[in-house]
Amino acid sequence: RVNDGVCDCCDSSDERGGSIGSHVHVDQVRSCSDTCRLEGTNLRHDLDLKLRAMEAGLEKRQASESDLVRQVEAWRAELLHVEANISTLESSVTQARGSIRK
C-alpha cells in the first residue's frame, strides 16, 4: 500500500508523502531509507555464488560424461578383442577335449 507508513519498496517510492488516515502525515510516522543499491549488491552476490556452483557442477558432470565415454570405448574395444578370439579359443577347447579323450 502507498503512504501507509511501511516502506515496501527499496527506494521508498511508496512512502513519498501523503497521509495515513485523515490526521497523520507520513513524514511524521517514518522516514524510509533507500536500500536498493544494497539489496541489488546482495542479490548480485547471491546470484554469483549460485552461478559459480552451477558452473562447478556442470564441469563435474562434463568430466564424468567424458570418463564414461572413455570407459564405454574401452569396453567396446575389449569386446571386439574377445569376439575376435572366440573362434581361436573354441578351437583350443575342442583340441584339449580331444586330447583328454585319447
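These exercises work through a predicted model of a single protein.

**Exercise 1. Lay out the secondary structure.**
State how many helices and strands the protein has, and in what pattern they run.

*Solution.*
Step 1: Count the elements. The protein has two helices and two strands.
Step 2: Read along the sequence. The pattern is β-β-α-α.
Step 3: Place some of the elements. Strand E1 covers 19-20. Helix H1 takes residues 26-29, and helix H2 takes residues 36-101.

**Exercise 2. Decide where the model can be trusted.**
Find where confidence is lowest and where it is highest.

*Solution.*
Step 1: Start with the whole protein. The average pLDDT is 84, and 83% of the residues score at least 70.
Step 2: Go to the elements. Helix H1 has the lowest confidence, with a mean of 47. H2 has the highest, at 94.
Step 3: Mark the weak stretch. Over residues 19-29, pLDDT stays under 50. For this stretch the model has 17 contacts beyond four places in sequence.

**Exercise 3. Check the geometry of H2.**
Compare the span of H2 with the expected one, then locate its bend.

*Solution.*
Step 1: Take the length. H2 has 66 residues.
Step 2: Take the span. From first C-alpha to last, H2 reaches 93 Å.
Step 3: Compare. At 1.5 Å a residue, 98 Å is expected, and the span is close to that.
Step 4: Look for a bend. H2 bends by about 40° at isoleucine 86.

**Exercise 4. Analyse the salt bridges.**
List the salt bridges, with their spacing in H2 and the exposure of their residues.

*Solution.*
Step 1: Recall the principle. Side chains of opposite charge can pair when their charged atoms come close.
Step 2: Set the cut-off. A side-chain nitrogen of Lys or Arg must lie within 4 Å of a carboxyl oxygen of Asp or Glu. The structure holds three such bridges.
Step 3: Take arginine 44 and aspartate 48. Their closest N and O atoms are 3.4 Å apart. Both residues lie in helix H2, four residues apart, about one turn of the helix. Arginine 44 is exposed at 55% relative accessible area, while aspartate 48 is partly exposed at 25%.
Step 4: Take glutamate 65 and arginine 61. Here the closest N and O atoms are 3.0 Å apart. The two residues are separated by about one helical turn because they are four residues apart in helix H2. Glutamate 65 is partly exposed at 38%; arginine 61 is exposed at 55%.
Step 5: Take arginine 70 and aspartate 67. The closest N and O atoms are 2.4 Å apart. This pair also lies in helix H2, three residues apart, about one turn of the helix. Aspartate 67 is partly exposed, with 43% relative accessibility.

**Exercise 5. Describe burial and surface.**
Report what share of the residues is buried, and how much surface is accessible.

*Solution.*
Step 1: Apply the cut-off. Buried means under 20% relative accessible area. Of the 102 residues, 8% are buried.
Step 2: Take the surface. The accessible surface comes to about 8800 Å². Carbon and sulfur atoms account for 55% of that surface.
Step 3: Turn to contacts between residues at least 6 apart in sequence. Among these, 18% join residues at least 24 apart.

**Exercise 6. Place aspartate 11.**
Say where aspartate 11 lies and how far its C-alpha is from that of cysteine 32.

*Solution.*
Step 1: Locate the residue. Aspartate 11 is in the segment before strand E1.
Step 2: Check exposure. At 28% relative accessibility, aspartate 11 is partly exposed.
Step 3: Give the distance. The C-alpha atoms of aspartate 11 and cysteine 32 are separated by 7.9 Å, with their positions 21 residues apart along the chain.

Key
Residues numbered from 1 in each chain as written. Predicted model: local features only at pLDDT ≥ 70, side-chain atom pairs only at ≥ 80, totals over all residues. Heavy atoms only, no water. Buried < 20%, exposed > 50% of the residue type's maximum accessible area, 1.4 Å probe, protein only. Expected span 1.5 Å × (residues − 1). Bend = angle between axes of the 7 residues up to and from the residue. Contact = heavy atoms within 4.5 Å. Areas by Shrake-Rupley, 256 points an atom, 1.4 Å probe, with all protein chains shown as cover. pLDDT = per-residue confidence, 0-100.
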